[in-house]
Amino acid sequence: MRGHNFWLVAKHEYAKIVKTKSFLLGTLGVPALIVVVTAVSVIVALGQRGVLPVGYVDHAGILDATVLPPREEGEELVALRAFSDEALAQAALEAEEIQAFYVLSKDYVQTGQMKLVYGQKRPSEVAREDFVAFLRANLLAQQSPAIQKRVQEGPWVTIRSADGSREFDSENILSFVVPYAAAFFFFFAVMNSGGYMLQAITDEKENRTVEILATSLRPLELIGGKALGLMSVGLTQLAIWTATGLLALVVATSMFPDLLNGFNIPWSFIGVTMLFFLPAYALMAGMMTAVGSAVTDHRQGQQISGIFNLLFTFPFFFIVLIMAKPNSPLVVALTLFPTTAFITITLRWAMAIVPLWQLLVSWVLVVSTAVFSVWVAARIFRIGMLRYGQRLSFKHILTSLQGKE
Amino acid sequence: MATVTVLNVNKSFGDVKAVRDVSFEVHPGEIFGLLGPNGAGKTTTIRMMLDIFRPDKGTISVFGGKLDEAKKSRIGYMPEERGLYKDLKLEPTLVYFATLKGISEATARERLQSWLERFDLQDYAQKKIQDLSKGMQQKAQIIATLLHDPDLLVVDEPFSGLDPVNTRLVKEIIEDLREQGKTIIMSTHQMYQVEALCNRIVLINRGRTVLYGEVDVIKRDFAGNALAIEGHGDFVNLPGVLETRHHNGTWNLTLEPGTDSQDVLRAIMRQDGVKLERFEIAEPSLEDVFVTVVQREEGERGDNARS
């Protein structure tokens, strides 16, 4: 393979795709959507306490308005207002002076019975949690500060694998979110890039540039270059999305300082992801090229590529099984199968330890299938490129693979 | 040493025999015409020469041997079905194609300027190809074929879509290239262009070579088969005449093989009230030769089918 042409094709393909509106929309649209959703969530969360106070009627005589639960610096608690009886509280509710009121029964300490009264709208979860925290603080008022803190925060459980190689903090959702985010990223990348690859091949058939290219370079240079260009596009997307994710994390951490508590950067997971990402991507590129070479136009290719996309995103159908039984035979099979390996491994990562032998076998299979798929694509491309208006039959494909045409 | 040698080449697609036992040579520094009616097998032959298809039988030698990647860079190919990236800008597209042929981007850009000026396209360098007129796209395609300064040029219908001014320009460029010692293989249906430009031709019909040699020699061989007549009379229904055309007051008659021109003269003179002003045994145009050979082939094919 002449390296020169290989790189030229990769560069050309990369520049061609990143300048398209669909790429800009697909790449910047996802983070933009995340930013918008995050911003809306934060705004909603901040406004959730409601501007009106929450009232209470304490028949049990256990609440002291001065005893408040521990709070982070700058964290606001919903305003609380005590009433001597329910009629007064009801009048305040009807006058829209309060958003709701709680009534603690006389025997609350024995029975735990409590009533919540509200008007048109139920108070938000945050407001309700604030009142429960206030109640808990009063019940623990006689205890030592250490016990008060422990009861308020609850237990801090660290889940560690038997071999000690992995551990999660139960309170830290990021440990679970990161593998799922990687799986979804690959899902979007497959959907996006498969379409680009298919478009690149069918475009050249439809606009006839393929005949000129065929007399300038070898099919493998063309296909390999396109695959590399596309992988670079994928990595660009990955970089943009990762940067956006990190930015979002920085913003979120400034608002919720506990977010990163107990979160260790999952280097082993990042390493495995990087090792699997490129060959899995090349496999997808090779398969899409083969489809593009065998069909007559882009629309026809899209129908077939839908099935191929499914081969990659198949594990999402088994997400419940992967979460419940991450080491079941079917999940192991999905781990070893080249097209489903990436997503299955990332989804399993959040729930279990993927044995090293499975990772090794799976990686070897993905890499060898990827190389084979690019080679097959180049062979099919050679005969498919010039059969304008003719769909390649299975017999033709076999002939091309045997090198007879 | 011939630039291209095609020897007993055959190619089938399923049951269709596209090319059968075709042979010819193209010499350095000549313009060679690859002719034939639609579907004759010209494009398949070109594609085999360029290693896009592989022949089922026979051998093809380019620049003295098998076509390899280095030799491909010495070829400029303009396919009949033009191909450019419609949604890309003109300059980057042409530079990309040239760099694939092994020249540096800087050289490609430098050369491109003079070609764009020559074809009056300099104002369109940064326009998307889909925004150019059909004629401009055709000129761009010609630049894509020439930008890497190839030694062998294979052009399929190079004049289609061009106005007379640009047709003349392309013709001049092709002649310039021949003077520079480049080899040009030209496939076209415009016989007067072949006549004006080509040294030698091969005529393929239904996948077979039916005529091959120097244009002048071929025309001389067919000289007895053409008559130019002026005057008044019925010159259409004469015996032994394959085709009759009337142009600018002159009747051009193509005779069937074996017909004696003197027999035609006698048949004319037997007509009542005939007035003959000119009767000349004419050198046939290449178009006459083309039509004669193809019709003769078709006739023989019909006879064989009937028998």
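The hairpin of E11(B) and E12(B) has 2 residues between its strands, and B:Asn248 takes a positive phi near 50° there. This is a predicted model, where local features need pLDDT of at least 70, side-chain atom pairs count only at pLDDT 80 or more, and totals for chains, interfaces and linings use all residues. Residues are numbered from 1 along each chain as its sequence is written, chains are lettered from A and ligands numbered from 1 in the order in which they are written, and side-chain values use heavy atoms, with hydrogens and water left out.

**The hairpin and its sheet in chain B**

- Strand E11 (residues 241-247) and strand E12 (residues 250-255) of chain B run antiparallel, joined by 6 bridges. Helices (H or I, at least four residues) and strands (E, at least two) are DSSP runs, numbered from the N terminus, and two strands pair if DSSP finds at least two bridges between them.
- Going along the ladder, B:Thr244 has B:Leu253 in E12(B) as its bridge partner, while B:Arg245 is matched with B:Asn252.
- The hairpin strands belong to an open, antiparallel sheet of 4 strands in chain B, ordered E11-E12-E10-E13. E11 and strand E13 (275-281) of chain B are the edges, each pairing on one side only.
- From one strand to the next, the twist in this sheet averages 20°. Axes here are lines fitted to C-alpha atoms (for helices, over the stretch in contact), and angles run from 0 to 180 degrees between N-to-C directions.
- Helix H9 (residues 261-269) of chain B packs on the sheet, touching strand E10 (226-232), E12 and E13 of chain B, and its direction makes about 175° with that of E13(B). Contact means heavy atoms within 4.5 Å.

**The mixed sheet in chain A**

- Chain A has an open sheet of 4 strands too, in the order E2-E1-E3-E4 and with mixed pairing. Its edge strands are strand E2 (80-83) and strand E4 (114-118) of chain A, each paired on one side only, and the twist averages 25° from one strand to the next.
- Strand E1 (residues 54-58) of chain A pairs with E2(A) in the parallel sense over 4 bridges, with A:Val54 standing opposite A:Leu80.
- Two helices lie across E1, E2, E3 and E4 of chain A: helix H3 (residues 86-94) runs at about 165° to strand E3 (100-104), and helix H5 (residues 125-139) runs at about 30° to E3(A).

**Where chains A and B meet**

- The interface puts 28 residues of chain A in contact with 27 residues of chain B.
- About 2,600 Å² is buried between the two chains, 54% of it on carbon and sulfur atoms. Buried area is the accessible area (1.4 Å probe) that two parts lose on being put together, summed over both.
- Seen by residue pairs at pLDDT 80 or more, 7 are in polar contact across the interface. That term means N or O atoms within 3.5 Å; within protein, one must be able to donate a hydrogen and the other to accept it, and residues adjacent in sequence count only if both atoms are side-chain atoms.
- On the side of chain A that touches chain B, helix H1 (3-18) and helix H8 (209-214) of chain A are the elements giving two or more residues, and H1(A) gives the most, with 7.

**Salt bridges**

- The rule (a side-chain nitrogen of Lys or Arg within 4 Å of a carboxyl oxygen of Asp or Glu) gives 22 salt bridges over all chains.
- B:Asp56 forms one with B:Lys11, the closest N and O atoms being 3.7 Å apart. B:Asp56 lies in the loop between helix H1 (42-49) and strand E4 (57-62) of chain B and B:Lys11 in strand E1 (residues 4-13) of chain B, so the pair ties together parts that are 45 residues apart in sequence.
- Between chain A and chain B the count is 3, including A:Lys11 with B:Glu105 (3.3 Å, N to O).
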